[in-house]
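Got your viewer open? Load the model, get the selection box ready, and let's take a walk through it.

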Amino acid sequence: MRTLSKKNFSLLKNVTPARVSQWISEGKIGPDALVGEGRRARINVDLATEQLKSRLDVTQRMANGSATLDEMPAPAPSSSSSALDEQFKRERLEGLQRENRRRAAEETARAGQYVDAAAARAEIAKVGDRVLSAIEEALPALAAALGAKFGVLDGEVLLLILRTGFDAVRQRVASERPLL
């Protein structure tokens, strides 16, 4: 049997020593879980923990962070109202956990750790369009340079080689698009 002082038991349960004294006075921790009397009484950790699991309201346990679904006592098979109470407690606990996850996600979003995927896709598409436009704008200058190098008219180079080839590449890329 492992026993702790009220102060150490309060540290274990993440509450104040005053809360442990309240649990004792309210009967949440019964006299059979106490070893000794008065101020120097020690607490039987295992027995007191089991008593608290069955006697504390789940919302109280959630408030101090000590409740988990695994700790919830199984519903008593003989009492339908007890089973309903336990089911309600489990659902309430699940709802609180869901709310905590939602709040954590909101906090993460406020911290800038999430990105709006639709906005990111739109911005990437704009950048791609700007790159393609810049290439298209550069085609006449490239055609002039090639024409001068090989003694061909700029317009022929632009039309036959660069525009036709570039348009084919652009159509292929467009057909492959959902890159995002």
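Here is a tour in a few stops, with something to select at each one.

First, some ground rules: this is a predicted model, where local features need pLDDT of at least 70, side-chain atom pairs count only at pLDDT 80 or more, and totals for chains, interfaces and linings use all residues. Residues are numbered from 1 along each chain as its sequence is written, and side-chain values use heavy atoms, with hydrogens and water left out.

**Stop 1: the sheet**

Select residues 3-4, which are β1, and 34-35, which are β2. Add residues 42-44 for β3. (Strands are DSSP runs of E, at least two residues; helices are runs of H or I, at least four; both are numbered from the N terminus.) You're looking at an open sheet of three strands in the order β1-β3-β2, with antiparallel pairing. Both β1 and β2 are edge strands, each pairing on one side only. Two strands pair if DSSP finds at least two bridges between them, and β2 and β3 are joined by two. To see one of these partnerships, pick Leu34 and Ile43 in β3.

**Stop 2: helix α3**

Now select residues 45-55, helix α3, and show Lys53 and Glu50, which sit three residues apart, about one turn of the helix. Their side chains meet in a salt bridge at 3.4 Å, N to O. (That term means a side-chain nitrogen of Lys or Arg within 4 Å of a carboxyl oxygen of Asp or Glu.) The whole structure has six salt bridges.

**Stop 3: helix α5**

Move on to residues 80-110, helix α5, where Lys89 and Glu86 are again three residues apart. The closest N and O atoms of this salt bridge are 3.8 Å apart. Are Lys89 and Glu86 buried or exposed? Both are buried. (Buried means under 20% relative accessible area, exposed over 50%, partly exposed in between, with a 1.4 Å probe and protein chains only.)

Stay in α5 and pick Glu99 and Arg102. Their salt bridge is 2.3 Å, N to O. Glu99 counts as partly exposed because its relative accessibility is 25%. Add Arg103 and Glu106, and you have a network of salt bridges linking them with Glu99 and Arg102.

**Stop 4: a nonpolar patch**

Last, select Leu146, Phe150, Val152 and Leu153: a nonpolar patch on the surface with about 390 Å² of accessible area together. Phe150 belongs to helix α6, residues 117-150. Phe150 counts as exposed because its relative accessibility is 60%. (Patch residues have over 30% relative accessible area and no salt bridge; like charges are joined within 9 Å, nonpolar side chains (Val, Leu, Ile, Met, Phe, Trp, Tyr) within 5 Å. Accessible areas come from the Shrake-Rupley method with a 1.4 Å probe; for residues, only the protein chains shown count as cover.)
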